[in-house]
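Please open the model in your viewer with the side chains switched on, and keep the sequence panel beside it. The tour below moves from one selection to the next and says what is to be found at each stop.

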Amino acid sequence: MNHRKIVSYDAAKGDNSDYEGGHGTHVVGLLAGKKSSDGITLDSDGQGDGVAPGARIAFVDTTVGTSGYAYPDDITLLNAGRANVADEANMARIHSASWGVRGQNTYTSQASFFDDYMFQHDDYLMVLAAGNGGRYNREGSIFAPSTSKNAICVGAAHSAKDDLTDDLAGPNFVADFSGKGKTGDGRIAPDIVAPGKFVLAAGAQPDAVGECDPENGELPEVGYNTVLGGLKYDAGTSMATPVVSGTAALVIQYFQDGFYPGGERDSGPSISPSNALVKAVLLNGAQTASIEGVDNLDLGITAVKPYDGAVGFGRIDMLSSLYIKGKSFVQAQVWDRQTIDDGETMTFTATIDRSSGCDFEAFSTTLVWFEPASATYCNKCLLNDLDLYVTKNGDDLKYYPNGKSTKDSVNTVERVALLGSGVNDGDVFTIHVEAANLSTKSQKFALVATGCFGGEASEYSGMKYGAPNNKKSDGSSGGTSSAAVIAISVVGGLALLAGIGLLVLKHHRRKESF
C-alpha cells in the first residue's frame with residue numbers, strides 16, 4: 001500500500017472498522033501519530049503527535065467491533081513486521097504490547113514462548129504492559145505475558161503540566177492502577193515506569209474523514225477516554241508502554257547513527273545493538289530519586305524505594321541514559337554481546353573524569369542477559385545465574401546490585417548505582433561479572449556504565465534528575481529520521497512502525513487565542 005502512514009492493513013482476525021476513541025488507534029497514535037490536515041502533507045507539530053511521528057504502520061486488526069479479541073497465535077504475533085521482509089534493515093526490532101491476561105502473575109506458556117524467541121533472536125525486544133490491576137497497592141498484580149524474563153515490563157507514572165487533573169498529587173508519582181510486583185517467582189517487576197496518566201494522542205472518529213486537532217486549539221478534557229475532534233486523553237499501562245517502546249527505538253537509532261561514544265551523529269561507527277543492550281541502557285538510566293510515591297488518590301501516598309514492586313528500576317530518563325553532547329547528564333560506556341563461560345569472571349573498568357565540565361554525581365552500571373525460556377509456572381525461573389559487583393580504586397569493598405548486600409540469584413537484570421560522596425573525580429571503578437551457575441556452557445550478556453567519563457556539561461545541569469523535558473536532542477521540537485522498526489500489538493490491532501525521531505520526552509501544550 002502506497003501511503004504515508006499505513007503500509008498494510010490485515011483484517012484477518014477482526015474487521016476493517018474502528019470505534020470512537022478506540023484503544024488501538026490511541027496507542028498507535030501515541031507511538032507514531034503525526035498531524036496531517038489533508039492526509040498527505042505533514043503539518044507542523046500537532047497536539048497529539050506521537051513519540052515516533054515519522055513512523056509507518058502495518059496494521060493487523062484483532063477486534064470485530066467491540067465484541068472481543070481474537071489474537072493470532074504466538075508465532076504470528078512475533079513475526080509481525082519480520083516475516084516476508086526482504087531487507088533485514090526494515091524488519092521489526094521492537095514489539096510493543098498493550099495488553100495482558102488479568103489475574104495471571106505466573107510464568108505462563110506465552111511468557112516462556114516470548115522468552116525463547118528473544119533468546120533466539122538477539123535483535124528483537126518485547127515491551128509489555130504490566131497491567132492495570134495495582135489499585136490499593138495490590139502486590140502480585142503484574143499480569144502475563146509481562147512476567148517474561150527477557151522482555152521489559154512497563155508500569156505507569158503520572159504525566160506532567162496540563163496532562164494532570166487537579167486531584168492528582170503531581171508529576172512525580174506512580175499511578176494508582178499501575179500493576180505492582182513482584183512476579184510469582186519473586187523477580188523485580190515492573191522493570192520501569194513511564195508517563196501513563198494522562199496522555200494525549202490520536203482519538204478515533206470512525207464517521208469522520210480528516211479528523212485532526214480542533215481548529216480553535218481546544219483539547220479534550222483531561223481524563224479517561226475523553227475524545228474531542230481527532231484527539232483523545234486516556235490512562236493506563238497501555239499508554240506507558242509505547243512511550244518506552246518508542247524510546248527503545250531511539251536507543252537503537254542512537255547506536256545505528258554513530259552517536260556512540262562521542263554524543264554526536266557519526267562520531268562513532270554504526271552499531272546494531274542487541275536486545276539486551278537496549279534493555280540495559282533504559283534500566284540503567286531509569287531514576288527513582290524524583291519519585292515521591294504511589295498516588296492512591298483518596299487513600300493517600302504510599303512510599304516507594306528502588307527495586308520495589310511499584311517503580312522497579314525507576315522512571316524512564318534519557319538524560320541519564322546516553323550521551324548527547326551538551327544535552328544529557330552522563331556519558332556511557334557499553335560492552336555488547338559479551339560471552340562468559342560457566343565459572344568464569346570478567347572485569348571491565350570505568351574512570352570518572354569531570355575535566356570537560358560534566359558534573360553528574362552518580363555512577364551506575366547495569367548487567368542484562370537474555371537467557372533460554374524456563375519451564376512454565378516455575379517457582380525459580382532463573383536458569384543462568386550471572387552476578388555483578390563493583391569495586392573502587394582497588395579496594396576490597398564490594399558493591400552489590402539491586403539494593404542487596406550480597407549477590408542476586410533471582411533476576412536477569414542487575415544494577416549497581418553509587419551516588420554523591422561515593423563518586424569522585426578520578427575514581428576508577430572495576431565492574432566484575434561472574435558466571436556462578438549456568439545451565440548452559442556459556443551465556444551472552446550486555447553491560448552499560450554511565451557517569452562523567454570526560455564529556456561536556458549538560459545545559460540542563462541543576463534540573464532535578466528525572467524531571468521531564470520538552471526538547472529533542474538537537475534542541476528543536478520537531479523533525480524525524482528513519483532508522484528503527486517496531487511491531488506493536490494492542491487491543492484493537494498490531495502495527496509495524498518505521499522511522500523514529502530522536503527525542504527525549506514531549507508534553508502537550510495548550511494553545512491559547514488572544
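**Stop one: the helix at T25**

Begin by selecting T25, which is partly exposed, with a relative accessible area of 27%; the model you are looking at is a predicted one. This residue lies in helix α1, and the helix, spanning residues 23-32, is mostly covered, since nine of its 10 residues are buried. To see this, colour H23, G24, H26, V27, V28, G29, L30, L31 and A32, which are the buried residues of α1. T25 falls between the cut-offs of 20% and 50% relative accessible area, and its value of 27% is therefore what makes it partly exposed.

Now keep T25 selected and add G203: the two are 178 residues apart along the chain, yet their C-alpha atoms are separated by 6.7 Å. If residues up to four places away in sequence are set aside, the residues that T25 touches are D18, A202 and A204.

**Stop two: the whole chain**

Zoom out before going on, and colour the chain by secondary structure, which comes to five helices and 21 strands. Of the 514 residues in the protein chain, 60% are buried. The accessible surface comes to about 19,500 Å², and carbon and sulfur atoms contribute 49% of that area. Among contacts with a separation of 6 or more, 77% are between residues 24 or more positions apart, and several of the later stops show pairs that are far apart in sequence.

**Stop three: N284 in helix α5**

Select N284, which is found in helix α5, residues 275-285. Is this residue buried or exposed? With a relative accessible area of 2%, N284 is buried. Display its side chain together with that of T450, and you will find a polar contact of 2.9 Å joining the two. Widening the selection to the residues that N284 touches, again leaving out those up to four places away in sequence, brings in S364, T365, T366, R415, V448 and A449 as well as T450.

**Stop four: the disulfides**

Next, select the bonded cysteines; the structure holds two disulfides. One of them joins C358 to C452, with an S to S distance of 2.0 Å, and at -75° about the S-S bond this link is left-handed. C358 lies in the loop between β14 and β15, whereas C452 lies in the loop between β19 (442-451) and β20 (485-490), so the pair ties together parts that are 94 residues apart in sequence. C358 counts as buried at 3% relative accessibility, and C452 is buried too, with a relative accessible area of 1%.

Move then to C378 and C381, whose sulfur atoms are 1.9 Å apart in the other disulfide. Here the angle about the S-S bond is 95°, and the link is right-handed; both cysteines are buried. When the bonded cysteines are numbered in sequence order, the pairing reads 1-4, 2-3. For another cysteine to look at, select C153, which counts as buried at 2% relative accessibility.

**Stop five: the aromatic side chains**

Finish with the rings, of which the structure holds 11 aromatic pairs. Why does the pair of Y254 and F259 count as stacked? The ring centres of Y254 and F259 are 5.5 Å apart and their planes lie at 20°, so the pair is stacked, the cut-off for stacking being planes under 30 degrees apart. Both Y254 and F259 are buried. Add F255 and Y260 to the selection, and you have one aromatic cluster formed by Y254, F255, F259 and Y260.

A further stacked pair is that of F329 and F360, at 6.2 Å centre to centre with 10° between the planes. F329 lies in the loop between β12 (301-302) and β13 (331-341), and F360 in the loop between β14 (345-351) and β15 (363-368), so this pair ties together parts that are 31 residues apart in sequence. F329 is buried, with a relative accessible area of 3%, and F360 counts as buried at 4% relative accessibility.

As a last selection, take Y389 and K398 together: the charged end of K398 sits over the ring of Y389, 4.6 Å from the ring's centre.

Methods:
Residues are numbered from 1 along each chain as its sequence is written. This is a predicted model: local features need pLDDT of at least 70, side-chain atom pairs count only at pLDDT 80 or more; totals for chains, interfaces and linings use all residues. Side-chain values use heavy atoms; hydrogens and water are left out. Helices (H or I, at least four residues) and strands (E, at least two) are DSSP runs, numbered from the N terminus. Buried means under 20% relative accessible area, exposed over 50%, partly exposed in between (1.4 Å probe, protein chains only). Contact means heavy atoms within 4.5 Å. Accessible areas come from the Shrake-Rupley method with a 1.4 Å probe; for residues, only the protein chains shown count as cover. Rings of Phe, Tyr and Trp (its six-membered ring) pair if their centres lie within 6.5 Å; planes under 30 degrees apart count as stacked, over 60 as edge-to-face and the rest as tilted. A charge sits over a ring if NZ of Lys or CZ of Arg is within 6 Å of the ring centre and within 35 degrees of the ring normal. A disulfide is a pair of cysteine sulfur atoms within 2.5 Å. A polar contact is a pair of N or O atoms within 3.5 Å; within protein, one must be able to donate a hydrogen and the other to accept it, and residues adjacent in sequence count only if both atoms are side-chain atoms.
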